[in-house]
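I opened this entry to keep track of what I looked up, beginning with a surface patch and ending with charged pairs.

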Amino acid sequence: MTTVEEVPQYTEPGTVILEARDLKKYFPVTKGLLISKVTGHIKAVDGISFELRAGETLGIVGESGCGKSTTAKMMLMLEEPTEGNILFEGQDVHSSSSSVRKAYRSSVQAVFQDPWSSLNPRMRVKDIIAEPMVINWNITRAEQQQRVMKLLNDVGLNEYHSNLFPHEFSGGQRQRLAIARALALNPRVIVLDEPVSALDVSIRAQIMNLLKDLQAEYNVAYMLIAHDLATVRYMCTWVAVMYLGQVVELSPVHDLYVNPSHPYTKALMSAALPSHPDMEQEEIILQGEVPSPLNPPSGCYFHPRCPAAMDRCAVDKPESKEISPGHTLTCHLF
């Protein structure tokens, strides 16, 4: 077991901690009750690559069903990739020893969308936050309690809250508890799955500011799954836009919002509320429905709905190209 003194030190900001290489996740579709037969595969994630750096936030956006949550589950080792690699500090997680995988699970934590469902209603707050330390670290009870009190203060709660149960807190306070528990093991990466979407609008800004303050203090990297483009713009350093299991555009956040290049990204931006009521923006309405991941279109997956589709889009699968430093695109237009 790990002691407090043996907890790894954080790397320099900007250093790559976590990397996905050509990651795929296919779910088999079966037919029959007694003798099941695989009739196809749902391509939930179909060959994505990205990097996560210390002290930075990668946002993943896209429509429902595009593969955002499946990607998060693979990074948390809740799902096994069908193909591809997940590298943590240069080591392949799934082909490494059990000790490396255990260290990875301690270093990559999660904050889920619904704090009520992710907190044990029968445990007091001090035990909820201390539980990861009890399992992974060899420290005394006094050291556990000391760290619990520090984490409560870090997330804006008081020490007397440690003896309460989750049902005695509001939604925003419960999300603060979930953040404190995620920070208990000094993680290198925290996966944020829609962390503010279940909260009142008045509370969302408080939680987002808290997350940014904690990131600056702990130098932790965030992977943010979100629908709200305003949240992504405020929180993120990099943004990956997903469509039907693929990353169609990956860019620094400023470049993406100033100069969205992929037709799907432009359509997403046009659907978002403008930052000022008097601001005019182009309205792009996509035709048709999102194709089934069980039988995706040939060529570019987006071509049946793309307003700028060409003949080759239905035949040739586009490759990822870098159109400016750090800004990559998967489209035949470039």
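In this predicted model, I first looked up a nonpolar surface patch of about 330 Å², which is made by Met310, Ile323, Leu333 and Phe334. I placed Phe334 in the segment after β12 (327-330), and noted that Phe334 counts as partly exposed at 42% relative accessibility.

I then checked how far the model can be trusted: the protein chain averages a pLDDT of 89, and 95% of the residues score at least 70. For residues 4-8, however, I found that pLDDT stays under 50, with six contacts beyond four places in sequence.

Next I turned to Asn219, in the loop between α7 (201-218) and β8 (221-225), which counts as buried because its relative accessibility is 15%, under the 20% cut-off. I found a polar atom of the Asn219 side chain 3.5 Å from the backbone nitrogen of Gly55.

Which charged side chains pair up across distant parts of the chain? I followed the salt bridge between Glu79 and Lys25 (3.7 Å, N to O); Glu79 lies in the loop between α1 (68-75) and β4 (83-88) and Lys25 in strand β1 (residues 16-31), 54 residues apart. I recorded Glu79 as partly exposed, at 23%, whereas Lys25 is buried at 10%.

I last looked at Lys150 and Asp154, whose side chains meet in a salt bridge at 2.8 Å, N to O. They are four residues apart in helix α5 (residues 141-154), so about one helical turn separates them. I also noted that a network of salt bridges links Lys150, Asp154 and Glu217, and that the structure holds ten salt bridges.

How values were computed. Residues numbered from 1 in each chain as written. Predicted model: local features only at pLDDT ≥ 70, side-chain atom pairs only at ≥ 80, totals over all residues. Heavy atoms only, no water. pLDDT = per-residue confidence, 0-100. Contact = heavy atoms within 4.5 Å. Patch = residues over 30% accessible without salt bridge, like charges linked within 9 Å, V, L, I, M, F, W, Y side chains within 5 Å. Areas by Shrake-Rupley, 256 points an atom, 1.4 Å probe, with all protein chains shown as cover. Salt bridge = Lys/Arg side-chain N within 4 Å of Asp/Glu carboxyl O. Helix = DSSP H or I, 4+ residues; strand = E, 2+ residues; numbered from the N terminus. Buried < 20%, exposed > 50% of the residue type's maximum accessible area, 1.4 Å probe, protein only. Polar contact = N/O pair within 3.5 Å; in protein donor to acceptor, adjacent residues only side chain to side chain.
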